[in-house]
Amino acid sequence: MKKTAIITDSNAVILPDEAAQKGIFILPMPFMIDGKNYLENVDLTEEVFYQMMSENKSISTSQPAPGDVMALWDKVLEEYEELVHIPMSSGLSASCQSAAALAKDYNGRVQVVDNRRISVTQKSAVYDAIRLVKQGKSAKEIKDILEADGDNSSIYIMLDTLYYLKKGGRITPAAAAIGTILRLKPVLQIQGALLDAFAKARTINQAKTIMIGAVKSDMENRFGGISPDNCELCIAYTNNREAAMQFKAEVEEAIPGFEIKAVDPLSLVVSCHIGPGSLALTCCKKLRD
């Protein structure tokens, strides 16, 4: 059995201590803030990020530099025979395609997974990969399994403000102004490769009800049934853990039998586009052995 490593990027919201404990290698995502370069969870913490956001600093994201990607791979391959690299969704960043191109020079020792996931659902895929390594699967087998399973997940996100979507050019200033006047709480979805609109709510409670209903529908119609044996639910948030914990209790009451597996922050790449105060409900179909 080959010795296989698992690498992901910091979008998977796996903090350094957790990664070290589980033997996961993390490629930090780069940010540019007011002209200065930062790396997520290296010199850019969640707290610092939201402080800079509140100060209206210019924040942009980019993909990891090819040299940094290959340097990490080369270091890992000194100890491991092969590796599985699980980057963020190819629909949200070019980093996945760039990594796949770089992997061609590694003679099959590097397998890049394009399973169209990000944040909490990406983290779920990483832990599936660890289980598959323990079962003796090769890097190529893990890639194929994860890619075949990629669309068996959903993320629904309630936004607290339209300001950051407008700032990033994802909606027009006029649409943002109307939404702000009407106090709309948009619900977005990430299914597969894209971040897209899903519904509009007038209140936070209505938005929560929409997200819970959407997840129940996905479990029933896409994931094989509403059962904790079949699916796992997680809560994610941007800079408001107290609200996330309250939502956790509400989801567990609304969907009996389910215990929320994790309450994690959304990745800073997603947060950059939607701003603080957002809540998300995620669902992943459990990967069968």
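**Notes on strand β8 and on Asp9**

1. Let's start with strand β8, which is covered on both faces: Ser153, Ile155 and Ile157 are buried on one side, and Ser154, Tyr156 and Met158 are buried on the other. Keep in mind as you look around that this is a predicted model.

2. Counting along the strand tells a matching story. β8 runs over residues 153–158, and 6 of its 6 residues are buried.

3. Who are the neighbours of β8? One is strand β13 (residues 279–285), which pairs with β8 in the antiparallel sense over 6 bridges. If you want a spot to find this pairing in the viewer, look at Ser153, which stands opposite Cys284 in β13.

4. The other pairing to look at is with strand β9 (residues 185–191), again in the antiparallel sense, over 4 bridges. Here, Tyr156 is a handy marker: its bridge partner in β9 is Gln189.

5. Now hop over to Asp9, which sits in strand β1 (residues 4–9). Is this Asp9 buried or exposed? Asp9 is buried, and yet it has no salt bridge. The nearest side chain of opposite charge belongs to Lys123, and that is 13 Å away. A salt bridge would need the charged atoms within 4 Å.

6. So what does the side chain of Asp9 have as a polar contact? Have a look at Gln122: the side chains of Asp9 and Gln122 are joined by a polar contact of 3.0 Å.

7. Gln122 also turns up in the list of residues that Asp9 touches, leaving aside those up to four places away in sequence. The others in that list are Ile26, Leu27, Met29, Ile86, Pro87 and Met88.

Note on methods
Residues numbered from 1 in each chain as written. Predicted model: local features only at pLDDT ≥ 70, side-chain atom pairs only at ≥ 80, totals over all residues. Heavy atoms only, no water. Helix = DSSP H or I, 4+ residues; strand = E, 2+ residues; numbered from the N terminus. Buried < 20%, exposed > 50% of the residue type's maximum accessible area, 1.4 Å probe, protein only. Lys, Arg positive; Asp, Glu negative; His and termini not counted. Polar contact = N/O pair within 3.5 Å; in protein donor to acceptor, adjacent residues only side chain to side chain. Contact = heavy atoms within 4.5 Å. Pairing = 2+ DSSP bridges.
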